[in-house]
Amino acid sequence: MSAKSPLINWIGLATIIRREWSRLMRVPIQAFLAPWISALLFIFIFGFVVGSRISHIGGHRYLEFVLPGILMMNIVNAAFLQSSSQVYFSRFLRYIEEALVAPLSYAEMIAGIIAIVILRAVVTALGILIIAACFGATSIDAIPEFVFWIIIVSMVFGLLGIVIGLWANNFEQLTILNVFLITPLSFVGGVFNTLSMLPPWLRWLAWGNPFFYFINGIRHAMIGYSEAPQGLGIAVALALGVVMSLAVWRLYAIGYGLRE
Amino acid sequence: MVPALSVSHLHKVYRRGTVGVDDLSLEVAPGDFFGFLGPNGAGKSTTIHCISGIANPTSGRIEVFGVDAVKHYRDARRLVGLSPQEFNVDPFANARDIVDWMGGYFGITAAQRRDRVDMLLQKFDLVAHAKKRFRELSGGLKRRVMLARAMVNDPALLILDEPTAGVDVELRRDLWRYLQELNADGKTIFLTSHYLEEVERLCRNIAIVAGGRIVRQGPKEEFVREPGGLEAAYLRATGAEPDHVAAPGA
């Protein structure tokens with residue numbers, strides 16, 4: 001009897017992605033239209049209406065300055081909401097058991113979730129870039145750097161979403177991190193302002209805020225403006241990616257929130 | 001001969017200290033139709049969850065056709081098909097997708113999957129309901145989808161946890177016939193059921209579990225031959241008194 005599993009269950013992995021994409025397509029308004037409308041409003045009000053009264057920053061129009069931050073906020077939200085809801089609902093409705101009884105490794109299950117997280121983040125980002133282009137604000141100076149930031153940030157927040165999806169036992173808990181950590185940190189991470197606009201005591205706090213490096217990184221990739229060494233930002237992002245990957249793999253291995 | 005299923009000294013203690021299974025051991029021979037009986041909360045579903053990967057065993061050893069179900073879990077899963085007691089599906093997905101996705105998880109190619117899913121939908125009379133969402137199906141149809149899903153990987157060991165709960169008499173009869181055909185073709189079937197008539201009709205060997213332990217195990221004939229038949233033997237084994245059950249017409 002041949003029971004040997006292939007090294008990587010590619011079809012299984014593709015099925016996780018295909019299945020979740022089909023679930024996502026049941027709620028396109030929530031998944032894509034909502035962040036695009038929200039980004040449109042941010043771009044219009046902060047970038048266009050308010051921004052027209054603000055002087056240039058580093059030689060860039062205010063709209064060009066805030067766009068990378070708005071983009072990053074939406075990527076973070078898309079990534080976190082995607083994985084946390086995917087994991088939580090599959091636990092809540094128990095269809096996660098379909099994956100648990102199948103010959104899928106933990107790494108394949110996690111990779112499947114992260115792949116769809118990145119896909120959702122990329123589609124969200126593309127939509128926002130198109131909206132921004134309508135306001136004449138889309139520019140990408142360094143495409144590889146831009147792609148790197150989209151992928152690494154979606155990955156980090158996708159992994160964080162998995163942890164919350166495994167931990168949460170009700171809908172309230174699912175939103176806690178978003179309300180108390182992600183939104184505040186992203187707002188003080190330099191979406192709308194430079195570091196020098198902050199009061200001195202808050203500037204030092206920004207250096208400990210990972211959102212600052214993410215926003216700064218994508219801003220550098222888009223318009224070439226940076227307030228921190230790129231190497232430091234990349235190192236912080238990669239370190240977070242590695243730590244989160246190991247943590248999530250460990251949670252899957254011990255069955256936390258998955259296997260009773 | 002390597003057993004189809006071997007469970008040795010299985011312990012399962014849940015996080016809050018509840019003991020689900022306590023030193024449970026059993027063996028199922030290849031090609032057997034094995035009945036696993038016990039009252040509610042006895043440890044039947046917990047045992048099945050540990051075998052199939054839904055729960056982590058606290059200690060003990062589980063082997064499926066000689067493959068360690070914990071150390072080599074991917075290889076072991078490949079050999080098992082599970083139809084669980086509770087509906088563990090996405091209620092907004094349609095019947096065809098539910099079966100097809102499961103086939104995908106098992107690494108079956110798209111072309112093979114299409115044929116296999118078509119065959120199973122046909123077999124379980126689901127063709128007309130293939131595009132309906134799971135939540136729109138009747139209880140009996142839902143049960144059929146679960147069975148089709150369990151069969152998609154053509155498992156060597158088919159585990160059925162209360163497969164006929166809530167289904168009508170016609171489907172139950174059809175299902176019995178289908179399971180007997182599968183078993184005749186060499187498929188090993190591990191069945192839990194509260195319908196003793198079903199177990200008596202289908203199974204060759206029986207184990208009774210109570211309080212997380214096997215309290216009796218043997219060929220069906222041994223149980224059936226006893227005064228009062230399988231029901232009385234079952235009640236005695238689980239500690240209930242057969243006499244307290246009123247006889248029909250009494």
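How many residues of chain B are in contact with how many residues of chain A? I looked this up before anything else, in what is a predicted model. I found 31 residues of chain B in contact with 27 residues of chain A.

**Entry: the contact between the chains**

I listed the elements of chain B that give two or more residues to the side touching chain A: helix 1 (44-52), helix 2 (73-77), strand 6 (80-83) and helix 3 (95-105). Helix 3 of chain B has the largest share of that side, with 4 residues. I then sorted the side of chain B that touches chain A by class and got 17 nonpolar, 8 polar and 6 charged residues.

**Entry: chain A as a whole**

I went through chain A for its elements and noted 10 helices and 0 strands. Read from the N terminus, the order is α-α-α-α-α-α-α-α-α-α. The radius of gyration of chain A is 19 Å, close to the 18 Å that the globule rule gives for 260 residues, so I noted chain A as being as compact as a globular protein of that length. I also took the spans of its C-alpha trace along the principal axes, which are about 70 × 35 × 35 Å. Of the 260 residues in chain A, 44% count as buried. For contacts in chain A with a separation of 6 or more, I noted that 81% come from residues 24 or more positions apart.

**Entry: helix 10 of chain A**

I looked at helix 10 of chain A, residues 230-254. This helix has 25 residues and reaches 36 Å from its first C-alpha to its last, close to the 36 Å expected at 1.5 Å a residue. Which residues of helix 10 of chain A are buried? I wrote down A:G233, A:V236, A:A237, A:L240, A:V248 and A:Y252. An α-helix has 3.6 residues a turn, so residues three or four places apart point the same way. The buried residues of helix 10 pack against helix 5 (106-134), helix 6 (143-167) and helix 9 (210-223) of chain A. Just after helix 10 of chain A comes A:G255, and I noted its positive phi, near 80°.

**Entry: one residue of helix 6 of chain A**

I picked A:V147, which sits in helix 6 of chain A. Why does A:V147 count as partly exposed? I found 14 C-beta neighbours inside 10 Å of A:V147. A residue needs 20 or more to be buried and 12 or fewer to be exposed, so a count in between makes it partly exposed. I also checked A:V147 against A:V122: the two are 25 residues apart in sequence, and 9.1 Å separates them in space, C-alpha to C-alpha.

**Entry: the sheet of 4 strands in chain B**

I traced an open sheet of 4 strands in chain B, in the order 2-1-4-5, with antiparallel pairing. Its edge strands are strand 2 (19-28) and strand 5, each of which pairs on one side only. Strand 1 (residues 5-13) and strand 4 (residues 59-64) of chain B are antiparallel, with 5 bridges. In strand 4 of chain B, I found B:R61 opposite B:S8. Strand 4 is joined to strand 5 (residues 67-68) of chain B by 2 bridges, also antiparallel, and B:V64 stands opposite B:V67 in strand 5. The hairpin of strand 4 and strand 5 of chain B has 2 residues between the strands, and there B:F65 takes a positive phi near 50°.

**Entry: the sheet of 6 strands in chain B**

I traced an open sheet of 6 strands in chain B next, with the order 6-7-8-3-9-10 and mixed pairing. Strand 6 and strand 10 (213-219) of chain B are the edge strands, each pairing on one side only. The twist averages 15° from one strand to the next.

Are the faces of strand 6 of chain B covered or bare? I found both covered: B:V80 and B:L82 are buried on one side, B:G81 and B:S83 on the other. Strand 6 pairs with strand 7 (residues 157-161) of chain B in the parallel sense over 4 bridges, and B:S83 has B:L160 of strand 7 as its bridge partner. Strand 3 (residues 33-37) and strand 8 (residues 188-192) of chain B run parallel and are joined by 4 bridges. Opposite B:F36 I found B:T192, in strand 8 of chain B.

**Entry: helix 1 of chain B**

I looked up where helix 1 of chain B lies. Helix 1 crosses strand 3, strand 6, strand 7, strand 8 and strand 9 (205-210) of chain B, and runs at about 150° to strand 7. Helix 1 of chain B also lies across strand 1, strand 2 and strand 4 of chain B, at about 115° to strand 1.

Terms used: Residues numbered from 1 in each chain as written. Chains lettered and ligands numbered in written order. Predicted model: local features only at pLDDT ≥ 70, side-chain atom pairs only at ≥ 80, totals over all residues. Contact = placed C-beta atoms within 7 Å. Nonpolar A, V, L, I, M, F, W, Y, C, P; charged D, E, K, R; others polar. Expected span 1.5 Å × (residues − 1). Pairing = 2+ DSSP bridges. Axes fitted to C-alpha atoms, helices over the stretch in contact; angles between N-to-C directions. Rg over C-alpha atoms; globule rule 2.2 N^0.38 Å.
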